[in-house]
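Here's a quick tour of a two-chain model, written for someone who'd rather be at the bench. Have a look at the picture first, then read on.

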Amino acid sequence: MTVVGTPPAPPAAPPPLAPNTTTVTLTIDGQPVTVPKGTNVLEAAKELGIDIPAFCYHPGLPIVAQCRQCLVAVEKNPKLQPSCQQVCGEGMVVHTQDKQSTLARKQMLEFTLLNHPIDCPICDKAGECTLQKLYFEADNEDSRVDVPKVEKAKVVDLGPTVVLDQERCILCSRCIRTCDVVAGEHQLEFAHRGEHEVLTTAPGAQLDNPYSLNTVDVCPVGALTAKDFRFTMRAWELEATPTVCNGCATGCNVELHHKDERAWRIVPRHNPAVNKYWMCDEGRFTYHDLREQRLAGAIVDGLPAGWDRAIAYAAQRITAALKDNGLAVALSALAGNEDNFALAQLAKSWGLTRVFVGALAPIPSRADGRLRVADVNPNTAGVAEICRALGLEVTTDVTGVKCLVMLGDTLDVEVTGIELIAIAAHERGPVIKAKAALPCADWAERAGTITNNQGHVQRQHAAFPPLGHAIPAWEAVVRLAQATSVKMSFTHVREVFVEMTNTVPAWKGSPWVREARPLQLRFAGSRG
Amino acid sequence: MAATRDITSLKQLVLGRKDVQDLIDEEIELPPDLMTINMGPSHPAMHGTVRIVLTVDGETIVKGDVQPGYLHRCFEKESEYATYTQVFPYTDRLNYVSPMLNNVGWAMAVEKLMGLTDQIPKRAEYIRVIVGEISRITDHLTCIGASAMELGAFAVFLFFLKAREWLYELLEKVSGARLTHSYVRIGGVVKDLPEGFCDELSYNLDQVAKVIVEVEGLLNANKIFRDRMAGIGKLTREEAIATGCVGPIARAAGVDYDVRKDYPYSVYPELEFDVPVGTTGDCLDRYLIRMEELKQSMRILRQCIAQIPGGSVMVDDHRVALPPKRDTYNTIESMIRHFKHIVDGIRVPAGEAYTFIEGGNGELGFYVAADGTGRPYKAYVRSPSFVHLSTAEKLITGHFIADVVPIFGMINMIGGECDK
C-alpha cells in the first residue's frame, strides 16, 4: 500500500551567507581559527598547532579517509568524523581530545598494530616511521593480542626501484594514490579482502614509473623500501641538509641525508611553487655521483700538485694566452650561480666578450609535462641570465682559442690542441686532458644558489665540506684572478651573491638565505 | 765529642752545607721579595687536577690564584646531544666518589618536569636513599682518608679505603659497576636490589662502624692531626653564606642547612637523623662534621633496611618505563616503545625545572630546559665543589704552603664535579 500524504517539508532556507565567503571560522579544542573555505579540519587544526594523527592523509594526495586514525568529534554530529575528509564549516565546534575520539583513535591504532610484524630492529623505516610515532605519542598501551599474526609475503619485488613487505603494510593506499597523482599511472592496487588484503601490482606488471620512489617517502611504515637505500644506513643516524636537486632544470627542492661527510639519499622537500612534495627517481640517484671520479687535489700536467703551484702555473698559461689574444672561458650550466658569476666577471676583467657554456645535451624523451624536463642542466637559466647581465656573448666557435679556462667537466666543443685550465669537481671528460685541473666543491658541498627553469633562484646549502683539497669554485676563481693581477676580493659566497644580485637586474634585491645547520633526524621527531 | 762531630759531618753531607747555627746572619735572612710558585696541576696532594699559582712571602701565602678547568668534560653541552637517559653516565662522572647521588639528582629534575615526582614507587625511593647514603659514606670516607694521608696518617687512608671498598662492592652488586653506576632511571631505578642485599649491607655497616671507631681513635686526639687542622682555613658563618657554601663546609661554619631537612625530598621525611653543625668553621670542624655525617648516614641506612617496602622499582608510566624484555621481543607495541625510548629518548614536555638534593659535598642542583624532544635543550649543574673552590683563595691566603693540603682536602674539591 502506498501512503500518499504530505511530502516532507522542504529543507529550511540556508542561513544568509556571511559577508566574507572566502573564509570560515570554526572552533577546535576551544580555540577559534579562521581558514579558507574548503579547508579540512585536520589542516585547520594544524594551524593551531594541534597535530591530529593520520596515516592515509597526505596533503599532496586525494583524500580517502581510509585509515580512520584522524577521527574527531564534531558537535551536533552523532558520529565521529574523519578530520581529513571533514570540510570546515562556519561555526563548527570540533573536539580532538575528548574521551570518545581519543578512545576511538587508540582503538584504531590497536587494530593497525594487530598484524604488524615485530620488525623495528631490521626495518629501514624505524626512526622515521609514522606508525611508531603515533603509537608512542597517542597510544603507548600494552598489546592485548594472544593469537598469531597473519603472515604475508615479506619480500615482494615490485619493480626496479622498490621492494614491498606486505606484512608491514597498513593498507593506507598512499602509494596507490601517489602513482595515480604524481606519475599518472595506476600501477599499484589492493588485492583480496579482510585480513588477507595486500598491496600488489597487476599480474605481470611492475612498479616502474619514473616517480616510483615517492611511494617510499609517503609510506607511513616500512612496507615500501627503496632498493637504493634499504639496509644501508639507519635513518635516525642521518643528518638532513636542505638543498636543491642538481639533476635537471626543474630544480626540485630536496633534503640531502648524510652522515660523516657521505651522502646516503635524497628526499623531496615541500615547495608548492616547484615540486610540491615530489621528485623523480633519477634525481634521487644523483648523490652517487658525489663520490664518482672526484678530483681531490690539484693536477698540473697530469701529475698531482699543490694549490700554489697549480695556480701559479695556470696564471702563467693564462697570461701568455692573453698576450696572444688566445684566451677563452667556459662557464657551466651545471655549476652554481656564484661560481659562474665569479668566472664571468673574471672573463670580463680579462677583456673577453664571448664565453663558452658547458652543458649536457638535452634528453627530449625525459620531458613528461610533470617534473622531468629535457634539459638536464640544473642552472641553464642562471648562466644565461649572468651572460646577459654582463654582456657576454655565448659562443661555440673555437677558432683562435689557445687556452681555455673551463668550469665543470662538461664541454661539447672540440678541445683538441687547446690548453685546458679546468676548475672541476670530477676528473672526467675534458678534465682528464687539462694542463691544470683545480679541484672544486661538488653540488652537495657548495653553498650558493642555482636558478631553475622557472627563474627561481634557489638556495643550496653545503651538507659537508669539500672533498680533499677541493675548495668552492668561486674561491678558485678568486685565486686565479689574484694570480693574474685582477682585482677580485670575495671572501665569502655571500659577497659573491650580493655582488651578483646587484649586477644581474633580474635578481636585484634577492635576499641571501642564512646557512642552514644540518638537522639531526634522530631528534627531529619522526616526520613520517 | 766524637759523636757530635760525626753528626755535623753527616748533616753537611746530607744538606751540602753547614748547619743553620753556623751560618752568618746575612745568609739566614730570606730574600725579601715575593716568590711565585706553581702547585699543581699535577700534584700528589691536590685533589683532582687543579693548579694554584701561589705568591709566597717566605712560607706564607700572600695570594693564591686557583685555576680549575683541567677536567672539563662539557657535561652541560654534551647533555644537549644525548637523550635524557643517556645523561646518567655523564652524571656518574661529576662527583665520581658518590655517583649515585648525582644520578638521583638528575632523575629528580627530569621527573619534576614530567610531573612524576609523586608517582615514584616507594620501594624505588627507598632504594635511591639507600644507594645515595652509601655514596655519601664513600664520599666522606674518601675525603677524610685522603686528607689524613696527606697529613702523614697513611694508616687512616688504608682503613677507610678498605671500608669504602666494601661499600663499592655492594654498589657493584646493585648496579654492575664499581664506580660508574648509572643505576637510577627516570621514574625509578633500573632494577631491584639483589637478593640478600639488606643483610649484607647491615653486616657491612657494622664493619664500617668499627673502622670509624678505629680511625677516630687514631685522629681525634692526635696532636699532629689537630695541629694541622684546628684553626686552619677558617670560614665564618657570614662568609660561608655569602660565598654560597653548602654541605659540610657550610655546616662546619655554623650554617644549619641540609637539603634533606630543609627541603625534604624522597622519603627523608620518614627517616630520623640529625644534622651536625660546627662552631669554628675550620678544617677540624669540617672533619668532625664529616665523621658525624658518616654515622648519621649509617643511621639512615639502618632505618631504610628496616622500613623498605616491597613492590615495583619503576613507575608504571609507559612514557618513561621500558617494557619488559619478554614483551619487547614478542609484541609490536612494546617493541615500538622500547625503540622509541632508546633511539628518540623519553619525551619530556617543554618547560624547565630545577631540583636540588644533598650531595656528598652539599646542595647539588640540576636545571633542565626541555623543548619537547627526547633530549635536553639545556642542562646545567650547580656543583658544590665549584662553589667551594671559589673560597679556596681566601682560605689559603695567610697560611703556610703546607696548609694548602689540609684546606684543599677538607674543601673536598672533586675535579669531575668542579670542572663539570
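What pLDDT does chain A average, and what share of the residues score at least 70? This is a predicted model, and chain A comes out with an average pLDDT of 89, with 95% of the residues at 70 or above. The start of the chain is another story: pLDDT stays under 50 over residues 1-8 of chain A, and the model gives that stretch zero contacts beyond four places in sequence.

Now for the inside. The largest nonpolar core has 159 residues, and the ones touching the most other members are A330(A), V355(A), A422(A), A437(A) and V477(A). Helix 10 of chain A (residues 473-483) gives this core its largest share, seven residues. Apart from it there's another core, with 112 residues, including V87(B), I249(B), V267(B) and V368(B).

Let's zoom in on A330(A). Not counting neighbours within four places in sequence, A330(A) is in contact with V355(A), F356(A), V357(A), G358(A), L404(A), M406(A), L407(A) and L411(A).

Helix 9 of chain A (residues 380-390) is worth a look too. Its buried residues are T380(A), A381(A), G382(A), V383(A), E385(A), I386(A) and C387(A). So what covers them? Here are the elements of chain A included in that cover:

| Element of chain A | Residues |
|---|---|
| Helix 8 | 337-349 |
| Strand 16 | 327-332 |
| Strand 17 | 354-358 |
| Strand 18 | 393-394 |
| Strand 22 | 448-451 |

Just past the helix, look for G391(A): this glycine follows helix 9 of chain A and has a positive phi, near 70°.

Over to chain B. Its secondary structure adds up to 19 helices and eight strands, and its C-alpha atoms fill a box of roughly 95 × 45 × 40 Å along the principal axes. Of the 420 residues in chain B, 49% are buried. Take the contacts in chain B between residues at least 6 apart in sequence, and 71% of them join residues at least 24 apart.

Chain B is also split in two: domain 1 covers 1-30, and domain 2 covers 75-418. How many Å separate the centres of these domains of chain B? Going by C-alpha atoms, the answer is 53 Å.

Finally, the place where the chains meet. Chain A puts 17 residues into the contact, and chain B puts in 16 residues. On the side of chain B that touches chain A, you'll find six charged, five polar and five nonpolar residues.

Notes:
Residues numbered from 1 in each chain as written. Chains lettered and ligands numbered in written order. Predicted model: local features only at pLDDT ≥ 70, side-chain atom pairs only at ≥ 80, totals over all residues. Contact = placed C-beta atoms within 7 Å. Nonpolar A, V, L, I, M, F, W, Y, C, P; charged D, E, K, R; others polar. Domains from an automatic or database assignment. pLDDT = per-residue confidence, 0-100. Core = buried A, V, L, I, M, F, W, Y, C linked by C-beta atoms within 7 Å. Buried ≥ 20, exposed ≤ 12 C-beta atoms within 10 Å, placed from the backbone. Helix = DSSP H or I, 4+ residues; strand = E, 2+ residues; numbered from the N terminus.
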